[in-house]
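Colleague: I am new to this structure and would be grateful for a close look at a single part of it. Please begin with one residue and work outwards from there.

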Amino acid sequence: MAMTMNGEVQLAAPREAVWAKLNDPEVLKACIPGCEELEKTDDGGFRAVAKMKVGPVSARFKGKVMLSDLDPPNGYKISGEGEGGVAGFAKGGATVKLSEKDGGTLLGYDVEAQIGGKLAQLGQRLINGAAKKLADEFFANFAKAVQG
């Protein structure tokens, strides 16, 4: 099952500060809902473990995340894949763009993801609702982290 999502978040911080936080594993770990581990790997990416619950299905996903098309401090592409055992898998990516706006930074994102396994059987509406909730939670946490 494929899914797309996009949005924008206005952050009260300079673009360079937002860029730095987007590349800081400690900040990202604290902001990603359910994230238990996030550490940099030698190839410039991250190894992650996150616990997720979508409707009746909960799973611990183990995966890897790669950053590409790095254009500091304007944005990057982030892509990853995770395995959740019987719950299934998720893989996808997001393009993140930073621009100066109203004395702060506007963060725009476009996400494309694919899921399979038990998760995909839950139905598009439940999955989209859960994904939107996770994204909203992440950006609320990230805004707090960026604004100190």
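**From one charged side chain to the interior**

Modeller: Glu39 has a relative accessible area of 41% and therefore counts as partly exposed, a class that lies between buried (under 20%) and exposed (over 50%), found with a 1.4 Å probe on protein chains only. The model is predicted, so local features need pLDDT of at least 70 and side-chain atom pairs pLDDT 80 or more, while totals for chains, interfaces and linings use all residues. Residues are numbered from 1 along each chain as its sequence is written, and side-chain values use heavy atoms, without hydrogens or water.

The partner of Glu39 is Arg47: the two form a salt bridge in which the closest N and O atoms are 2.9 Å apart. A salt bridge here is a side-chain nitrogen of Lys or Arg within 4 Å of a carboxyl oxygen of Asp or Glu. Arg47 is likewise partly exposed, at 32% relative accessible area. Glu37 belongs to the picture as well, for a network of salt bridges links Glu37, Glu39 and Arg47.

By this rule, the structure contains seven salt bridges. Another of them joins Arg60 to Glu36, with 2.8 Å between the closest N and O atoms. Because Arg60 lies in strand 4 (residues 57–71) and Glu36 in strand 2 (residues 35–40), this pair ties together parts that are 24 residues apart in sequence. Strands (E, at least two residues) and helices (H or I, at least four) are DSSP runs, numbered from the N terminus. Both members of the pair are partly exposed, Arg60 at 42% relative accessible area and Glu36 at 30%.

Strand 4 takes part in a further salt bridge, in which Glu81 and Lys64 bring their closest N and O atoms to 4.0 Å. Since Glu81 lies in strand 5 (residues 75–83) and Lys64 in strand 4, parts 17 residues apart in sequence are tied together. Glu81 is partly exposed, with a relative accessible area of 45%.

Strand 4 and strand 5 also lead inwards. Which elements help to line the largest cavity? Strand 4 and strand 5 each supply at least two residues of the lining, and so do strand 1, strand 3 (46–54), strand 6, strand 7 and helix 3 (124–146). Helix 3 gives the most, with seven residues. A cavity is a set of points, on a 1 Å grid over the protein atoms alone, where a 1.4 Å probe fits but cannot get out; its lining residues have an atom within 4 Å of a point. The structure holds one cavity of 30 Å³ or more. The largest cavity contains about 1,300 Å³ of space, a volume being the space filled by probe spheres set on points joined across faces, edges and corners. Its lining comprises 44 residues, of which Ile32, Met52, Val65, Val111 and Leu134 are the closest to its centre.

The interior also holds a nonpolar core, the largest having 40 residues. Such a core is a set of buried Ala, Val, Leu, Ile, Met, Phe, Trp, Tyr and Cys residues joined through side-chain atoms within 4.5 Å. The residues with the most contacts inside this core are Leu11, Val18, Leu22, Leu98, Leu107, Tyr109 and Phe142. Helix 3 again gives the most, here with nine residues. Apart from its neighbours within four places in sequence, Leu107 is in contact with several residues, among them Leu11, Val18, Leu22, Leu98, Phe139 and Phe142, contact meaning heavy atoms within 4.5 Å.

Terms used: On a 1 Å grid over the protein atoms alone, a cavity is a set of points where a 1.4 Å probe fits but cannot get out, and a pocket is an open set with protein on both sides within 12 Å along at least five of seven lines; lining residues have an atom within 4 Å of a point.
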